[in-house]
Amino acid sequence: MRKPMQLKEGDTVAIVSLSSGLAGESDILWRTRQGIHRLESEFGLKVKVMPHALKGVTFIHNHPECRAKDLNEAVKDPEVKAIISCIGGEDAIRILPYVDLQAIATNPKIFSGYSDTTTVHLICLLYTSDAADEEDSV
């Protein structure tokens, strides 16, 4: 497996919502902002909230292509050293047709999340492993 570099103070992390839009809902948004503040103040990280990450439950549910676009852009962004899926959910599987698998393979990054985010963890594992290289060469 090709492993990304460890995070250090001053690095940029991207925030995405790949499963649920709950993190962008008005009654939960304070928690999301608190998490962002802690990443900045406690760990010295720069936080880049991707364009669709906080657009709410309805938008996120209705636009899996936008969720994938946020992931693809974060993966391709050389400034971003890690990607955090800020909330779980139940339908990350719907982003799969839109995910740029080649970008994941060529730009390994730290990826963190929980619950439904396991779908994307498996994509990252598969496409950054030596098995992916072997498959490409066959």
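The following conversation goes through a predicted protein model, from its overall layout to a few single residues.

Me: What helices and strands does the protein have, and how many of each?
Reply: This predicted model has six helices and four strands. Read from the N terminus on, the elements follow the pattern β-α-β-α-α-β-α-β-α-α.

Me: How confident is the prediction, as a mean pLDDT?
Reply: The protein has a mean pLDDT of 87, and 83% of its residues reach 70 or more.

Me: Where does pLDDT stay under 50?
Reply: It stays under 50 over residues 131–138, and for that stretch the model has three contacts beyond four places in sequence. Where pLDDT is low, the predicted coordinates should not be read in detail.

Me: On to the sheet. In what order do the strands lie?
Reply: The four strands form an open sheet in the order 2-1-3-4, with parallel pairing. Strand 2 (46–49) and strand 4 (110–112) are the edge strands, each pairing on one side only. On average, neighbouring strands of the sheet are turned by 25° against each other, direction ignored.

Me: Which helix packs on it and touches strand 2?
Reply: Helix 1, residues 29–43, packs on the sheet and touches strand 1 (12–16), strand 2 and strand 3. The direction of helix 1 makes about 150° with that of strand 2.

Me: And what does helix 3 lie across?
Reply: Helix 3, residues 64–76, lies across strand 1, strand 3 and strand 4, and runs at about 155° to strand 3. Among its buried residues are C66, R67, L71 and V75.

Me: What span should helix 3 have, and what does the model give?
Reply: At 1.5 Å a residue, the 13 residues of helix 3 should span 18 Å. The end C-alpha atoms of helix 3 are 18 Å apart, so the expected span and the model agree.

Me: Back to the strands. How many bridges join strand 1 to strand 2?
Reply: Strand 1 and strand 2 run parallel and are joined by four bridges. Within this pair, V13 stands opposite V47 in strand 2.

Me: How many bridges do strand 3 and strand 4 have?
Reply: Strand 3 (residues 80–85) pairs with strand 4 in the parallel sense over three bridges. Here I83 stands opposite F111 in strand 4.

Me: Why is strand 1 largely enclosed?
Reply: Strand 1 is largely enclosed by the rest of the structure because five of its five residues are buried. Both of its faces are covered, with T12, A14 and V16 buried on one side and V13 and I15 on the other. For the protein as a whole, 43% of the 138 residues count as buried.

Me: What about S17: buried or exposed?
Reply: S17 is buried, because its relative accessible area is 1%, under the 20% cut-off. This residue is found in the loop between strand 1 and helix 1.

Me: What does the side chain of S17 reach?
Reply: The side chain of S17 reaches the backbone oxygen of A53 at 2.7 Å. Not counting residues up to four places away in sequence, S17 touches A23, A53, I60, R67, C86 and I87.

Me: New topic: where is P4?
Reply: P4 is in the segment before strand 1. At 29% relative accessibility, P4 counts as partly exposed.

Me: Which residues does P4 touch?
Reply: Leaving out residues up to four places away in sequence, P4 touches P108, K109 and I110. The C-alpha atoms of P4 and F111 are separated by 9.6 Å, while the two residues are 107 residues apart along the chain.

Methods:
Residues numbered from 1 in each chain as written. Predicted model: local features only at pLDDT ≥ 70, side-chain atom pairs only at ≥ 80, totals over all residues. Heavy atoms only, no water. Pairing = 2+ DSSP bridges. Helix = DSSP H or I, 4+ residues; strand = E, 2+ residues; numbered from the N terminus. Axes fitted to C-alpha atoms, helices over the stretch in contact; angles between N-to-C directions. Contact = heavy atoms within 4.5 Å. Expected span 1.5 Å × (residues − 1). Buried < 20%, exposed > 50% of the residue type's maximum accessible area, 1.4 Å probe, protein only. pLDDT = per-residue confidence, 0-100. Polar contact = N/O pair within 3.5 Å; in protein donor to acceptor, adjacent residues only side chain to side chain.
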